[in-house]
Amino acid sequence: MTVYGAYLPRKPRKVLVLGSGALQIGQAGEFDYSGTQAIKALKEEGVATVLINPNIATIQTSEGMADKLHLTAVTPEFVERILVKEEVDALLLSFGGQTALNCGLALDEAGVLDKYGVRVLGTPVKAIRDTEDRRFFIERLAEIGVTTARSRACRTADEARAAAREIGFPVMLRVGFALGGQGSGIVETEADLDQALRRAFANGVPQVLVEENLRGWKEIEYEVVRDGRNNCITVCNMENVDPMGIHTGESIVVAPTQTLNDEEYQLLRSVAIKTIRHLGIVGECNIQFALNPKGVDYRVIEVNARLSRSSALASKATGYPLAYIAAKIALGYTLPEIPNAITRRTTAFFEPALDYLAAPSQRSSSGRCACWTSECGGWTRRPSSSRTWKTRSRTLHRCASSPWPRRCSAG
Amino acid sequence: MTAAIPMRLLLEDGTEMSGRAFGAAGSVGGEVVFNTAMAGYVEALTDPSYRGQILVLTYPLIGSYGVPAPRAPGSLDGPYESDRVQVQGLVVQSYVDKYSHSAAARSLGTWLEAEGVPGITGIDTRTLTRRLREHGTMKGWVMPANDDAALARNLAKTVDMKEEVFRLVAPDNVIRCGDGPLKVLLVDAGAKDNMVRSLLKRGATVVRAPWHTDLTPLAAECDGIVIGNGPGDPKDLTPLVTQVRSLLSSYCKPVFGICLGHQILALAAGGDTYKLPYGHRGVNQPVQDLITRRCYITSQNHGYAVRQEALPGDWEPWFVNVHDGTSEGIRSRTRPFFSVQFHPEASPGPEDTAFLFDDFMRLVGAMARG
């Protein structure tokens with residue numbers, strides 16, 4: 001193995017890790033996992049750690065984890081005070097979910113990080129902003145010819161009609177600032193559009209979004225890891241059993257993808273790597289695609305420049321410690337320099353090949369859903385979300401009776 | 001479909017595993033090798049490097065996206081990598097007959113049946129793979145369970161891997177395709193069609209010549225040479241090695257070896273090759289470029305490797321495997337000769353190293369212009 005920090009400009013002395021903020025029981029447990037892994041990775045390198053996380057019922061806030069623990073809310077005000085008090089010189093944003101990421105962005109915008117000379121480790125703030133701001137995101141991807149769902153923000157009915165004509169019917173109409181998505185939906189014809197627009201603007205809605213309709217497209221995601229030296233791999237890909245239009249929370253995700261042939265698999269993999277390199281992400285991220293089931297055509301839906309719920313699933317499904325590796329990369333290691341903890345002989349620069357498939361499930365008092373085991377050699381669970389077991393077990397049962405019920409009938 | 005027929009897989013060491021038939025009926029024998037790719041069975045099954053071998057796919061669900069319609073004779077269209085299924089037999093854990101994909105026209109079983117290749121499903125491929133990794137690749141037989149083992153073994157269809165296999169995978173005559181400005185000679189000892197497609201896409205005219213023709217006049221006519229992949233032990237291809245050696249002594253245009261071509265080039269240059277215990281077959285093999293230190297994930301399919309320490313003095317290592325340090329690429333210090341063990345043309349597998357074709361064509365163009 002190469003000596004520590006071959007490419008690291010300056011080893012951080014004390015790092016502040018942002019936790020995920022307030023948790024509800026059973027929800028966002030994956031961020032506890034990622035934060036814990038990050039702290040372990042930092043401690044291994046002899047870097048002092050400070051953690052901010054208000055939840056006492058987590059692993060990362062347990063005794064013996066972080067060197068210093070602050071049980072406060074993850075808000076810019078508190079974080080600034082702790083930055084000063086603890087004299088930290090670096091910050092980890094991507095291990096506490098969206099709350100931590102937003103907090104980091106706010107601190108950067110307010111000039112707090114510059115003021116105290118605090119470095120953000122891993123993905124630079126600019127790259128995070130590019131993934132978070134829809135306008136920047138579409139622009140950046142267009143620079144390298146990667147397609148996103150076409151979308152127009154319209155302030156008048158005329159603008160909306162023109163946009164719909166340009167995109168082509170049917171379109172997805174999203175009405176901004178309406179409660180519970182009221183008035184949003186798929187519009188098939190121009191007459192329907194007129195009616196929907198009249199209703200929307202009559203209710204005093206300032207703008208509507210006219211978007212390309214992707215209902216029925218396959219929903220695919222890739223977990224991508226990139227180091228500061230531009231080495232880039234896709235650790236795992238996943239497929240939602242239900243297509244676009246059915247909320248992920250109502251569906252179930254399977255790793256690896258089940259209905260993609262090599263051409264589609266490699267197309268999306270290549271686009272994922274190209275996109276992540278162009279955005280300049282350092283560490284781990286998740287990229288979501290819609291894939292046309294009738295031909296090789298895709299849209300990038302979004303990029304999450306942080307550990308996410310999917311990363312937790314991918315880690316468990318593949319055995320690849322994404323959060324731990326992401327923390328090492330943030331410290332300046334390159335992928336081939338990080339030893340593989342499982343084999344001990346190889347490195348973190350590899351893409352796991354699964355000889356099983358993994359699908360998340362909740363632990364229930366009646367035990368695991370036994371019908372599922374005949375179809376797959378491996379198991380994984382994801383302790384997440386407030387979804388009811390009923391919905392899940394229905395999906396599971398559908399899966400078990402025939403591996404891919406919906407798409408089989410189309411074939 | 002012959003789904004209900006019980007089948008068995010026998011290994012040289014006496015291991016016996018039972019499963020069910022899919023695809024064609026009959027018994028076959030060959031070296032049992034495993035591939036860890038999770039997608040891309042159409043590409044893998046038509047890859048001539050697998051000729052004579054029984055292929056085990058470690059991913060458990062195989063067949064779910066079906067197989068596209070057959071391509072027209074003489075066509076080079078993907079995802080097919082040659083005109084036929086090249087493997088002797090296919091071993092899977094769980095064959096999916098009910099496929100679903102917009103590009104699919106038939107099931108995997110139907111295709112195998114039409115091509116006369118037997119398949120066996122219901123095998124514990126994890127145990128099988130573990131055994132192959134511990135003992136190294138072994139000979140094996142796939143046969144109907146009711147047949148007498150000894151008799152079926154004798155009657156099983158096999159391919160002679162010393163000589164016959166190379167004749168089977170090479171085209172009969174020289175084939176010319178494309179009309180690009182630069183002419184590239186592809187030495188074919190079982191080259192994948194995507195190698196041709198990759199060259200055509202970059203503006204080349206490809207002269208696809210079987211390895212046993214006289215290459216000297218063709219090489220003189222072309223602006224560069226690609227030595228393609230193929231099955232078997234490179235040391236059994238002595239005539240080609242001799243031809244390439246005499247070519248190298250006077251040739252000054254670019255020569256690019258891929259997979260078997262890498263081994264041939266190494267042997268022709270005076271290097272050595274050896275058999276790996278169980279080979280590299282999959283689409284997730286990490287390699288490192290020793291010059292830039294950049295790492296790539298590559299598609300690989302080979303059972304032999306170039307001995308790194310036996311390279312002649314005017315050659316240097318170029319790529320190494322990050323997992324086990326074996327040679328993945330070499331290049332001449334003095335002349336535009338280089339080769340890689342992995343498949344930059346992918347298919348199946350990641351396209352990370354497709355830039356090697358760009359580099360090669362750029363070099364060919366630059367040298368042709370003088």
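Which residue just after α7(A) takes a positive phi? Keep that question in mind while you open this predicted model and select helix α7 of chain A, residues 157-167.

**Helix α7 of chain A**

Show the side chains of A:Ala160, A:Ala163 and A:Ala164, which are buried in this helix. Looking down the axis, you will find that these three cover an arc of only 100°, which puts them on the same side of α7(A). Now turn to the face that points away from this buried side, where the exposed residues A:Asp158 and A:Glu166 are carried. To see what covers the buried residues of α7(A), add the surrounding elements of chain A, including β6 (151-154), β7 (171-175), α8 (190-202) and β9 (208-212). Then step just past the end of the helix to A:Gly168, the residue asked about at the start, which takes a positive phi of about 100°.

**Where chain A touches chain B**

Display both chains next, and select the 36 residues of chain A that are in contact with 36 residues of chain B. On the chain A side, the elements that give two or more residues are α9 (262-279) and α13 (405-410), and α9(A) provides the largest share, six residues. If you colour this side of chain A by class, 17 nonpolar, 12 polar and seven charged residues appear.

**Chain B as a whole**

Hide chain A and look at chain B, which has 10 helices and 19 strands. The radius of gyration of chain B is 20 Å, close to the 21 Å that the globule rule gives for 370 residues, so chain B is as compact as a globular protein of that length. Its C-alpha atoms fill a box of roughly 65 × 40 × 35 Å along the principal axes, and buried residues make up 56% of the 370 residues in the chain. Among the contacts in chain B with a separation of 6 or more, 73% are between residues 24 or more positions apart.

**Strand β13 of chain B**

Finally, select residues 224-227 of chain B, which form strand β13. In a regular strand the side chains alternate between the two faces of the sheet. Here both faces are covered, with B:Gly224 and B:Val226 buried on one side and B:Ile225 and B:Ile227 buried on the other. Add strand β11 (residues 182-188) of chain B, which pairs with β13(B) in the parallel sense over four bridges, and then strand β14 (residues 255-258) of chain B, which runs parallel to β13(B) and is joined to it by three bridges. B:Ile227 is a good residue to centre on, being the bridge partner of B:Val187 and also having B:Gly257 in β14(B) as a bridge partner. To complete the view, include helix α8 (residues 238-250) of chain B, which makes a right-handed β-α-β unit with β13(B) and β14(B).

Note on methods: Residues are numbered from 1 along each chain as its sequence is written. Chains are lettered from A and ligands numbered from 1 in the order in which they are written. This is a predicted model: local features need pLDDT of at least 70, side-chain atom pairs count only at pLDDT 80 or more; totals for chains, interfaces and linings use all residues. The radius of gyration is taken over C-alpha atoms; the globule rule is 2.2 Å times the number of residues to the power 0.38. A residue is buried if 20 or more other C-beta atoms lie within 10 Å of its own, exposed if 12 or fewer, and partly exposed in between; C-beta atoms are placed from the backbone. Two residues are in contact if their C-beta atoms, placed from the backbone, lie within 7 Å. Ala, Val, Leu, Ile, Met, Phe, Trp, Tyr, Cys and Pro count as nonpolar, Asp, Glu, Lys and Arg as charged, and the others, Gly among them, as polar. The arc is that of the directions from the helix axis to the C-beta atoms. Two strands pair if DSSP finds at least two bridges between them. A crossover is right-handed if, with the strands pointing away from the viewer, the path from the first strand over the helix to the second runs clockwise.
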